[in-house]
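Me: I'd like to go through this structure with you and check what stands behind each label. Shall we take it step by step?

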Amino acid sequence: MAGDGTLSTVTHIIVDEVHERDRFSDFLLIKLRDVLQNQTNLKLVVSSAALDADLFMRYFGNCPLIHIQGKPFEVKEMFLEDILRSTGYTNKEMVKYEKEKQQEEKQQSTLSEWCSVQENNSKLVPRRQKSVPSATSECNLLDDGGDTVFNQLTEKDANCLEPWLITEMDSCLSDIWLHKDIDSFAQVFHLILTENVSVDYRHSETSATALMIASGRGFLSQVEQLISMGANIHCKSSNGWMALDWAKHFGQTGIVDLLESYSASVEFGNLDESSLVQTNSSDLSVEERELLKAYHHSFDDEKVDLDLIMHLLCNICQSYDAGAILIFLPGYDEIVSLRDRILLDDKRFADNAHRYQVFMLHSNMQTLDQKKVLKSPPAGVRKIILSTNIAETSITVNDVVFVIDSGKMKEKSYDALNCVTMLKMVWISKASAIQRKGRAGRCQPGICFRLFSKLRFQNMLEFQTPELLRVPLQELCLHTKLLAPVNCPVVDFLMKAPDPPPALIVRNAVQMLKTIDAMDPWEDLTELGYHLTELPVEPHLGKMVLCGVVLKCLDPILTIACTLAYRDPFVLPALASQKHAAMLCRKRFAAGTFSDHMALLRAFQAWQKARSDGWERAFCEKNFLSQATMEIIIGMRTQLLGQLRASGFVRARGGADIKDVNTNSENWAVVKAALVAGMYPNLVHVDRENLVLTGPKEKKVRFHPTSVLSHPQFKKISPSNGQAAVIQALPTDWLIYDEMTRVHRIANIRCCSVITPVTVSLFCGPARLPSSALQEPSSLRGDGISNDNSDSEMEDQTAANLALLKLDEWLHLKLDPEAAGLLFQLRQKWHSLFLRRMRAPSKPWSQVDETTVRAIIAVLTSEEQSAGLLQPSGIGQRPRPMASEELPLAPAWRSINTRKSSAETGLSGDSFNAEKVLMKCTPPAIHQPKRYKEKNILRSKRTPEDKSDQSSVKSTESSSYPSPCASPSSSISGKGSKSPTRKPYTPVRYFIMKSSNLQNINISQQKGVWSTTASNERKLNRAFWTSSMVYLIFSVQGSGRFQGFARMASEIGCDKSQDWGSADFGGVFKVEWIRKESIPFQFAHHLLNPWNDNKKVQISRDGQELEPQVGEHLIQLWDRIPLAGKKIN
């Protein structure tokens, strides 16, 4: 239609399956209706087996309706209650429910008494004296240093708890509710963290959880802490109340806002079947009601019951003759999980694999793989098809006799107010249920097994909500400009849809496209906009990818963009202890970079490595990742890269080939610059005065609990000031985020990264700034600009001497005047370069272009170092499926791109001096208050011995690998490694050095030397030469302490020393002591060494090597624990 808008050569058009109502079919109908008004000879037929006929008749001006009677074979329906009754399916939880029914009635009675107790009324239970852990003890438990212990815990069921634990938890919860005893929370947290009590523990007599009680009593900080520990906000007490209902009932408005904001930002659909059965019990028989109540009590309705499906599969294969089985599942995750159960886990099928063919159907699969499903299987072999809703209409498999319908689908929904897109599990519509049932009656009579009740079927929507009403419209608005009449505004065109989206939402989408420079002020597409229409991702992600091409850091950006476009690969487990372990995995992948995007990137790269080694399934289970999501991301990467090649941005060879566009992929500062360019205007600012995050419209923004930034990096915090401590620890004042959810007065942000102010000044705001955007200090004094509301930076006494850079209405930056002028020039050069690349993607780069990029890299790198931000290496590795590339399994810390670049001198011929920018940016170029400058913001800590390393940003071995006392863990490998004896190349190695006496330690600290046994010499020498850094952790046998750690500074030679007093010792070598304080073993009890049979690190022989992540954690203890031990004399 773009080539022949009038369709002058076409006589008939048939649009089938219009009931699906995706955005592009609605878009097509708008265009076709316009064409029909001018082309009277054109005939249009819209058809579907389950369409809303009245809607389409009205839309096309009371067009004629033709009803064609189909002749399918009879299909027998079996609803959930029929399946449970006929197959006798049961599980442990259903049996348990029968025993708990009487207890539940008693709990409801006690709970009613609780709720009736007035705030100052007489107490139902006398207050008791109990031991409450000290605040310090609680802080230590909640400290990040003890996180690893959660990996070893399996959350205990209430029935498995010892009687004293049940009594203690019940007493604490009673005191909190009945006496408002907030101090009892210290004991509750203590028991959860040390005795492995579930954070969702239910009070024995009322079934209330700690979260419900804290919500009802208005204890905000405790609610925050419980949520961060993994408490389930959707748990219900015996009266059917969730924590939100408790807060509402008792008028705790602040907590209502908090819980609603969190609830709105999690993928939780309205799938509660228990309530439906309860409120409509009159429509069911007694037997059906009890069966359904027991089943729904036993299973989370937000999931798909794969156990029941396996039970049904086995029943069908044993009871019915041949015939293909089609199973409708919500998404690829469930498809992969069920496939693995059939082929690997369930012996009933795995041991008879020759009798079954298992196929998967998904929209992201290759067409060739989908065609294999259509072939008939050999005699004696049953075909099992696992499919999403693609098999409802798009693909018809004629030999299907049995359909198992989960009744659920993954549906994208969009909150236009919050600009948040979520993929939720929802019930299908009646129209879809009818379509699915019809798949079984194509060639012979069939059976449709519905995994939902008849009651649910009656309460389903008649038709699915049109996609046009539930997806972000930026992408559609771009396509509208390609096909709509030239002078027709986007909003006017989309208002012609059968179910038009609200005009305000369309205008907001158009404004966003103007903000990111995809449209000009007159709503015409820019060069960038035309390229964005070709990329199969949302516009802001497309811009991010194109910036990645120009900045030559494509591969990391491809991975991150595809992950953001699809979904978070991390799985949220059900058990609270596993939730904590899942967060630890995220934090390990984030590697202390204060970045969720880094966690996504490194998780994908680690999965690629596991896949090439053939253990990706175990890797995903260990790290709480979705294998199915990873496979989809690979397909999306391939598709996106293919489109970049087709557009000329990536060439087959020469300049702009795949190697060239990844020149800077190892530089995390440059990758973040591309992220910022794509994420703008999604920025928040750190208000250091009030320790809160603020946005353009939000006075207070919170980190979503799934963000690695929502948890303290190296701080001991108490539950009362968790968010403030997290914000205080942020190393810069700016962050980007992927999405924000606003509910009432609270805004949550997820998928965040800290960024430097210089990155903001270069890559945020429109491409063309007005001449007034940069105001010199004199104009500042003249304007008298000092309005806190209009300036996102904090005011300071020296404001009169600073320039002001206005990037938009909110984003105002104060800078040193000279640095401001240089940055403004560099910003203009960047946007000029980007525009040239958009106009001519295939044109060779000029020397000026190359020099501009080098200058940008130099400035970004310098500022990143100034902020104390480091990065693990290996992030720029291009993934090659099933290849044997090595990913770093240990911290690979280095300064970012510290070699002297030609950018420092190369721009002088282009009337721009990058060296001046570097000089101005090495101290933070963006103005910050004195109080903030003086704070210790987790910069790399150095001892007096290390001072020489600080003198220059240029590369030296010492500065490339700073003291890791403050370096977070970056290891992908954790406990339970598949190959604990295999020690791959790692830039940093860690060894335990045992000494028989304290005198040897004293000599070593005084003279800076050490000697070890001959058996350890070869091992240490090899480590010294093949690694960038070797750390030695010292312990005197029998002391119960570690006496400090040092850096190995030379190889072990032949010269011996008489100081040691032992003939067994070999040659002397140099060591540089980093920390000389001693710490007790008890602080390291949670650290287990996979390279020593998972024994505790203190149980190590002399010369024992530590797994890198464990070694990293161990030496961090010197910074993170208030030391009782003193320097050894």
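Me: What makes both faces of β18 count as covered?

Reply: Good place to start, and keep in mind that this is a predicted model. A residue counts as buried when its relative accessible area is under 20%. In β18, H812 and K814 on one side meet that mark, and so do L813 and L815 on the other. With buried residues on both sides, the two faces of β18 are covered.

Me: Why is β18 called an edge strand?

Reply: The open sheet has 3 strands in the order β16-β17-β18, with antiparallel pairing. β16 (774-775) and β18 (812-815) each have a single partner strand, so one side of each has no neighbour in the sheet.

Me: How do you know that β17 pairs with β16 and with β18?

Reply: Pairing requires at least two bridges between the strands. β16 and β17 (residues 803-806) have 2 bridges, and Q775 stands opposite L804 there. β17 and β18 are joined by 4 bridges, with L805 and L813 as bridge partners. Both pairs therefore satisfy the criterion of at least two. A hairpin through 5 residues also joins β17 to β18.

Me: Which residues of helix α3 are buried, and why are they said to line one face?

Reply: In α3 (residues 80-87), the buried ones are L80, E81, I83, L84 and T87. Looking down the axis of α3, they fall within an arc of 165°, so they line one face of the helix. They pack against several elements, including β3 (75-78), α13 (286-298) and α14 (306-319). Just after α3 comes G88, with a positive phi near 70°.

Me: What makes α6 and α7 a contacting pair, and what is the contact made of?

Reply: Contact means heavy atoms within 4.5 Å. On the α6 side (residues 163-179), the contact includes W164, L165 and M169, and on the α7 side (residues 184-194) F185, V188 and L191 are among the residues involved. The residues of this contact divide into 9 nonpolar, 2 polar and 2 charged. The two helix axes come within 9 Å and cross at roughly 150°, and the crossing is left-handed.

Me: How many residues of the whole chain are there, and what share is buried?

Reply: The protein chain has 1129 residues, and 59% of them count as buried. Its secondary structure comprises 43 helices and 30 strands. Among contacts between residues at least 6 apart in sequence, 75% join residues at least 24 apart.

Methods: Residues are numbered from 1 along each chain as its sequence is written. This is a predicted model: local features need pLDDT of at least 70, side-chain atom pairs count only at pLDDT 80 or more; totals for chains, interfaces and linings use all residues. Side-chain values use heavy atoms; hydrogens and water are left out. Buried means under 20% relative accessible area, exposed over 50%, partly exposed in between (1.4 Å probe, protein chains only). The arc is that of the directions from the helix axis to the C-beta atoms. Axes are lines fitted to C-alpha atoms, for helices over the stretch in contact, and angles run from 0 to 180 degrees between N-to-C directions. A crossing is left-handed if the near helix is turned anticlockwise from the far one by less than a right angle, and right-handed if clockwise. Ala, Val, Leu, Ile, Met, Phe, Trp, Tyr, Cys and Pro count as nonpolar, Asp, Glu, Lys and Arg as charged, and the others, Gly among them, as polar.
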